[in-house]
Amino acid sequence: MTRPRPSAGLQFLLALLALSLSYAAQDFYKLLGIKRSASQKEIKKAYRSKSLEFHPDKNKEEGAAEKFAEIAYAYEVLTDEEKKKVYDRHGEEGLKQHEQNQGQGGGHGGFDDIFSHFGFGGFGGGSRRQREQTTPNVDVPLRVTMKQLYLGDTIEVEYVRQTLCVNWQECMRNNQECQGPGVKVRMQQIAPGFVQQVQQRDERCVAPGKMWRSNCRECPGGQTQTEKIELTIDVAKGMYPGEPITFEGVADEKPGMNPGDLNFVIVQEMDEHFHRDGDHLYVTMEIPLVDALTGFSHEFTHLDGHKFTVKVSGVTECDHVMRVTGKGMPRRGGRGGFGDLYITFDVDFPDSLTDAQREGIRKILGGGEAPSSHSRLESLRAQLDQEDSSLHEFASQEPAPRRKKAPPRSAKILPKPRWLKAAPATSPKYQELRSTVRSLGLATVCEEARCPNIGDCWGGGHGENNPNSAEEAEHFGTATATIMIMGDTCTRGCSFCSVKTSRKPPPLDVDEPDKVAEAVSNWGLDYVVLTSVDRDDLDDQGSDHFRKVVQRLKQLTTAKGKNLIVEALTPDFRGEMDLVTSVANSGLDVFAHNVETVERLTPRVRDRRAGYQQSMDVLAHVKKVNPNILTKTSIMLGLGETDDEIRTTLSDLRSNGVDVVTFGQYLQPTRRHLPVKEYVTPEKFEEWRVEAEEELGFKYCASGPLVRSSYKAGEFFLKNMVREKEKERLETMA
C-alpha cells in the first residue's frame with residue numbers, strides 16, 4: 001500500500017524545522033574568551049591564541065578539529081564589520097538568516113518573505129521592518145568656540161552608553177507570540193470558527209520569537225550594562241551652529257534592535273569680539289572722534305591670530321559699515337574660500353571740551369565765533385522747525401503745516417506722500433486699553449515704536465488703512481494690542497528702531513506674567529501679540545520668561561472660558577535653538593520673527609548680532625519642532641532694496657516654511673536713524689501682496705504703506721479661519 005506523500009508546503013516546514021533544531025547556538029565572544037567591547041586588535045590576538053591551542057596538527061584530542069572550525073568561524077564573523085553588526089544585534093539565528101538572504105539576492109525570497117506571504121509573520125515571527133527597529137537617536141550638545149569653528153578641531157570625548165549583556169542570548173527563551181521588541185501578538189477566539197489577532201505591549205519580548213527570561217544568572221544586571229567609550233570628534237572648518245556630527249549605531253543597545261545614532265550637535269559659544277551669521281563675520285570697532293574726522297589705520301587680529309590692516313582715509317560716519325572681502329568664516333559645502341567681514345564703526349565722542357578746544361574746532365571747521373545765548377536759542381528753535389512732523393501731526397486728520405526744510409546734512413530727506421495718513425486715536429476702546437496699560441505699568445510696542453496704526457488696531461475699527469470693507473470689519477473686526485514684555489529697553493541698537501537701548505537694562509519683573517494675563521483677560525480681546533526687546537544680558541536671553549508669560553496668559557483666559565489666540569513676535573535668541581524650542585512649544589498659536597529687510601541690507605539695518613541667515617534658521621527650526629504652528633515675518637520697504645532682492649527673500653522664507661508675511665513702509669523715527677530711500681506706492685504694495693499669496697503660496701500677506709508686523713493680526717487670522725471653515729463646508733457638501 002502506497003502512503004500518501006506530504007504536500008510541498010509541509011515538506012518545506014519539516015525541512016525548516018530540522019534546520020533550526022540542528023543549529024547549535026554559539027557565543028562567539030565567549031568562544032574566543034573576549035569581551036563584547038573588544039577591539040579588532042584584541043580579537044585577532046585572541047584568535048591566534050585559541051587557534052594554536054586547538055589546531056588539529058597540534059591538538060589530537062577528540063573534538064579539537066570541530067572546536068578549531070568554530071573558532072575560525074567566530075573570527076570570520078567578528079572581523080567582518082557587517083556580519084559582526086548583524087550578530088551583535090540578532091544573534092546567531094539572525095546571522096544565519098542574513099547569510100541565507102544574501103545568497104538569495106540580498107534579502108528577497110528568503111524564509112521571512114515566503115512565510116510573510118501566507119500571513120505567518122516570517123521566520124521566528126515578525127517582519128523585516130520589525131527586525132530593523134532602532135533604539136532612539138541621541139543628540140548631545142557640543143559647545144565649541146568660534147575660533148574652533150574657524151580653524152577646525154579634533155576633540156576627544158568619553159561617552160557612556162548601555163550595551164548588551166555579554167551573555168544576553170543565553171537569557172532568552174522561545175515564545176512565538178513575540179513579534180519583535182516589546183510587541184506580543186496572540187490569537188483570541190471571538191466566536192465559534194472566528195479568531196482575532198490581538199497585539200499587546202510586552203517589554204519581555206526582545207526579538208521575533210524570543211522572550212527575556214527574568215532573573216537570568218548569565219545577566220544578573222538585566223539586558224544591558226554600562227560601557228564607557230572614547231570617541232574622536234572631527235570639527236570641520238566653518239561648521240554651522242546646529243549642524244550634527246553623527247556616529248552611526250553608537251547609541252544605546254537593546255536586544256533585537258539596531259542601536260540608533262549618536263549626534264553631537266554644534267553649539268557655538270559667543271565670542272567677545274566677533275558675531276557670526278552664516279559664512280560672514282561682524283565686529284564693532286570703536287574709534288575716537290579725531291580718527292573719524294581725519295582717517296586712520298588700524299591693525300586687526302583675526303580668530304586664528306593672523307593680523308591685517310584696515311585703512312580709512314576720509315571722514316567716517318557713526319555706524320558706518322565697511323565690508324572686508326574674504327575675512328569671514330571658511331565656506332562649507334565644497335564651495336571653498338571665505339565669507340566676508342563687516343566692520344561697524346562706533347565713533348567715541350568726548351564727554352566734554354575745554355573752551356580752548358571748542359574755539360580751535362570752530363576755527364578749523366569754519367564755525368566762526370562762539371554764538372551768544374540768544375543765538376543758541378534761535379538755533380535750537382530753527383533745529384526743531386527742521387525736524388520731521390510729530391506723531392500726533394502725522395496721525396491727525398488735518399494736513400500737517402508745511403515747513404521749509406533745511407538743506408540735508410548727509411542724505412536727502414524725502415517729503416512724505418499724501419497716502420501716509422493714519423486715523424486719529426480717539427475711540428473708547430483705545431482709551432480703555434491705554435488706561436489699563438498705564439495702571440499695570442506695562443509697555444506696548446505700539447507706543448514705544450511710535451506706530452501710526454495705534455488708533456486703528458486698539459480701536460478694532462476698519463480705518464482708512466484697513467483693506468477690508470466696512471461690512472467685513474463689522475464681521476471680523478477685533479481689537480488687537482501688541483504688548484512688549486521684558487521691559488522697554490533693548491540690548492541691541494538697530495538703525496531703524498526707536499526703542500531705548502542699554503547694555504544693562506533693568507532686571508525682569510517676576511510678576512509680569514500675572515500682570516499681562518490680568519490685563520488681557522480684562523480687555524476681552526480675541527487676539528493678542530506678545531513681543532519683547534532683546535535681552536542679550538541674560539543667560540537664556542529671556543526665553544524662559546517669554547514662555548511663562550504665554551503659559552500664564554493661556555491658563556487664565558482658558559479658566560475664564562475665553563479662546564484667546566496668542567501670537568509671539570520674538571527675538572532670534574542669538575540662534576540658540578534650544579531657547580527657540582522653549583518658546584515655540586509654550587502653547588503659542590502664531591510664532592513671528594522679523595527678517596526686517598533683504599540680505600544685502602541686513603548689516604546696515606540691523607544690529608551686528610542679528611543676521612539674515614540666523615533669522616531664517618530660527619523660522620525653519622520652529623516648523624521643525626512644532627509643525628502645526630503658524631510662522632510669520634515682516635519686511636520693511638523703502639530702504640534701498642531691489643525687486644529681485646525682495647523676491648529672493650520671499651523665496652527663502654517659503655523654503656523655510658514661513659506661512660504669513662507682511663510688507664510695510666519704513667518711516668524714519670528721528671534724524672539719527674536711517675533715512676528713507678523711497679516711498680513705495682500703495683499700488684506697488686498691492687502687487688507684492690498678490691505675488692506673495694497667489695504666486696509664492698503664502699497663506700496670508702498684509703501689504704500696505706502703514707502695515708506693521710502685528711497690524712490687524714487678529715483680524716486676518718480670524719478671517720482666514722472662517723474662510724478655511726467655509727471651504728471645508730463646501731467640500732463636504734460637494
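**Exercise 1. Which residues of S22 lie on one side and which on the other, and are they buried or exposed?**

Solution. Before any step is taken, note that this is a predicted model, in which local features need pLDDT of at least 70 and side-chain atom pairs count only at pLDDT 80 or more, whereas totals for chains, interfaces and linings use all residues. Residues are numbered from 1 along each chain as its sequence is written, and side-chain values use heavy atoms, with hydrogens and water left out.

Step 1 fixes the terms: helices (H or I, at least four residues) and strands (E, at least two) are DSSP runs numbered from the N terminus, and buried means under 20% relative accessible area, exposed over 50%, and partly exposed in between (1.4 Å probe, protein chains only).

Step 2 sorts the side chains: Tyr527, Val529 and Thr531 lie on one side of S22, Val528, Leu530 and Ser532 lie on the other, and all are buried, which leaves both faces covered. Because 6 of the 6 residues of S22 are buried, the strand is largely enclosed by the rest of the structure.

Step 3 turns to the neighbouring strand, where two strands pair if DSSP finds at least two bridges between them. S22 pairs with S23 in the parallel sense over 5 bridges, and valine 528 stands opposite valine 566 in S23.

**Exercise 2. Describe the faces of strand S10 and its pairing, and then examine the hairpin of S14 and S15.**

Solution. Step 1: in S10 (residues 244-247) the side chains alternate, with Ile245 and Phe247 pointing to one face and buried, while Pro244 and Thr246 point to the other and are not buried.

Step 2: S10 runs antiparallel to strand S11 (residues 262-268), to which 4 bridges join it, and valine 265 in S11 is the bridge partner of proline 244.

Step 3: strands S14 (residues 296-301) and S15 (residues 307-312) are also paired in the antiparallel sense, over 6 bridges, with phenylalanine 300 partnered by phenylalanine 308 in S15. The hairpin that they form has 5 residues between the strands, and glycine 305 takes a positive phi near 95° there.

**Exercise 3. Check the length of helix H3 and decide where its buried residues lie.**

Solution. Step 1: the expected span of a helix is 1.5 Å times one less than its number of residues, so the 15 residues of H3 (residues 40-54) should span 21 Å, and the end C-alpha atoms are indeed 21 Å apart.

Step 2: the buried residues of H3 are Ile43, Ala46, Tyr47, Ser51 and Phe54. Because they cover an arc of only 130° around the axis (taken from the directions from the helix axis to the C-beta atoms), they are on the same side of H3. An α-helix has 3.6 residues a turn, so residues three or four places apart point the same way.

Step 3: Lys41, Lys45, Arg48 and Leu52 are exposed on the other side of H3.

**Exercise 4. Trace three salt bridges through the chain and state how buried their partners are.**

Solution. Step 1: a salt bridge is a side-chain nitrogen of Lys or Arg within 4 Å of a carboxyl oxygen of Asp or Glu, and the count by this rule comes to 39.

Step 2: arginine 331 and aspartate 279 meet in a salt bridge (3.3 Å, N to O). This pair links distant parts of the chain, 52 residues apart, since arginine 331 is in the loop between S16 (321-324) and S17 (341-348) and aspartate 279 in the loop between S12 (274-277) and S13 (280-288). Arginine 331 counts as partly exposed at 26% relative accessibility, whereas aspartate 279 is buried at 7%.

Step 3: the side chains of aspartate 536 and arginine 574 form a salt bridge at 3.9 Å, N to O, and the two residues are 38 residues apart in the chain. Both aspartate 536 and arginine 574 are buried.

Step 4: in the salt bridge of glutamate 645 with arginine 600, the closest N and O atoms are 2.5 Å apart. Glutamate 645 lies in helix H22 (residues 643-655) and arginine 600 in the loop between S24 (590-592) and H20 (602-605), so the pair ties together parts that are 45 residues apart in sequence. Glutamate 645 counts as buried at 18% relative accessibility, and arginine 600 as partly exposed at 48%.

Step 5: salt bridges that share partners join Arg492, Asp534, Asp536, Asp572, Arg574, Glu576, Asp607 and Arg609 into one network.
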